[in-house]
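Student: I should like a close look at a single part of this model, the place where the two chains meet. Please describe how the contact is built up.

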Amino acid sequence: MSGVPAFTLTGVVKRYPGFTLGPLDLALQPGTVLGFVGPNGSGKTTTLNCIAGLVIPEEGSVEVFGRKTDHRAPAWKTNIGVVGETHGFYHSRTARENLRFLSRFLPGWSDRRVDRLATRFGLPLDKKVEQLSKGQVAKLALVAALGHGPRLLLLDEPTSGLDPVVRAEVLDVLWEVLEDGEHAIFYSTHVLSDISRLADELVFLHEGRVLQRSSKDALTERWRRISFRLADADVAVASAVEYRRVRAEHQVLSDDGDATLAHLRALGADAIEQSRMTIDEIAVAILKGGNHVAPR
Amino acid sequence: MWRLVREGLRHYRPVLLISWGVGIGILVLVVTIVAVVGSVKDRHEIVKLGLQAPLAILIASMVAGFIVTGTERGENRVRMHLMLPVPIGQVAVARVLLPAALMLLGLTAGHGLFAVLLALQGSPPLSPRHLTVDFIAAQLLFWLQVPVAIREIIELRHRVRWTGALPAKALLVTAIALMVVVELGPVHGTALQAGATAALAVLLMALTVALFVRRTNFTK
């Protein structure tokens, strides 16, 4: 595995009227899938565009495999494949002609790889782009992004508009891309079920700032839903992120299950029951508040 | 850069040819109507009308140019081109060269057609009147580039205060004012007018390129 990060964002700030992204410090190692999670308008797409060079930040620097993302010296672009909200395809040309166009510019392009992916996705390469469905355009974008075998894939909601079967196919393809341990994927989404299988790490973004970065396994290990009975009306529980009381039964969401359980035992709580939370539930809890809540 | 322009020309060739066909078709229709039902019956007068054919080709090329710039923008081509390992300066130049290349093809076809028509009329095919074709082509090229420049100024206005965009706006307005002066004013001699107009078109293209490479957002 190479020691150079796939990308590094250092102190990146991008301002829009009414919204500021950053300061953002983020790096991704090769062989890693980073799930970039946040609600609409949190700055996910802007971050991805900063890495891809489509948006130039006002402050900070962006490097891809150790090279500054400078459009005047664009060699770094051969290392990335981008699937974004828009693609810039020629609508009145066929999918194959669009891919051929890209192949003339991108070193490392493999027609064999492209044909294999297209077959796998059932992508009709001889149809004009304007005749393709939204899902087929998304597939074409992914094939186009993978055609030159980039080491870094930047994906912005790549499964948007795809049916569940193709969605699973896309994720399978991404798994294969990761097999050699040299590739990295930056996967921006607000649909966590997409990346709960794929991501090694998750970054939660809210209003342009990183709330939390954690490995997926650590999150699912730590976060618990715990219910218990306690005579006290209200109680402050350690590591509780959300607290609810229904008559004598108390329920908490904890971002450190072990600490919460230890505290509850010390308080003398009984009928303690705990369950693990899904990544979806954890993400909602983090993005809803992020901070620990006081008991009501 | 040349590859981008070449690919663009290959893609938009049908648009250009159809535009030429429509332009010539309209002219032929007008000449036919004039010949059949109009007061002009003299053959030489009809041929004189036919001499407008290069103008039809040039206008058709400009229309094709507008279609191309509109399609490129509508299909967000910048997004695709910026993801290619092509230096930004080359992408910027290719953006203005593509519609200019269509005009250049129109100019070439216009000159060829004009020479044939002059020969049919019994005049020398390489008459100085060809300069008029150049002058018209340069004017149309200028007006074809104006919306592209305006688009870049709007982009600039999005990221700087209005005062920051003022020099670019002033340059554009000055170029347009000079263009009007060249078209209507005291500049005499078709060669001079054609040269001045072409220079203004190139200046406008240079402004567009300079603004594009300074952009901070290439998502639109």
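Tutor: In this predicted model, 31 residues of chain A are in contact with 24 residues of chain B. Between them the two chains bury about 2,600 Å², and carbon and sulfur atoms account for 61% of that area. Three residues stand out on the side of chain A: A:Leu54, A:Tyr90 and A:Phe105 supply 27% of the area that chain A buries against chain B, more than any other three residues.

The polar part of the interface can be described in similar detail. The count of salt bridges between chain A and chain B is 2. B:Glu7 forms a salt bridge with A:Arg104, and the closest N and O atoms of this pair are 2.7 Å apart. Across the interface, 14 residue pairs are found in polar contact, with both residues at pLDDT 80 or more.

As for secondary structure, the elements that give two or more residues to the side of chain A that touches chain B are strand S1 (7–16), helix H1 (44–52), strand S6 (80–83) and helix H2 (95–103) of chain A. Of these, H2(A) gives the most, with 3 residues. By residue class, the side of chain A that touches chain B divides into 15 nonpolar, 11 polar and 5 charged residues. To return to the starting point, the contact thus described joins 31 residues of chain A with 24 residues of chain B.

Note on methods. Residues are numbered from 1 along each chain as its sequence is written. Chains are lettered from A and ligands numbered from 1 in the order in which they are written. This is a predicted model: local features need pLDDT of at least 70, side-chain atom pairs count only at pLDDT 80 or more; totals for chains, interfaces and linings use all residues. Side-chain values use heavy atoms; hydrogens and water are left out. Contact means heavy atoms within 4.5 Å. Buried area is the accessible area (1.4 Å probe) that two parts lose on being put together, summed over both. A salt bridge is a side-chain nitrogen of Lys or Arg within 4 Å of a carboxyl oxygen of Asp or Glu. A polar contact is a pair of N or O atoms within 3.5 Å; within protein, one must be able to donate a hydrogen and the other to accept it, and residues adjacent in sequence count only if both atoms are side-chain atoms. Helices (H or I, at least four residues) and strands (E, at least two) are DSSP runs, numbered from the N terminus. Ala, Val, Leu, Ile, Met, Phe, Trp, Tyr, Cys and Pro count as nonpolar, Asp, Glu, Lys and Arg as charged, and the others, Gly among them, as polar.
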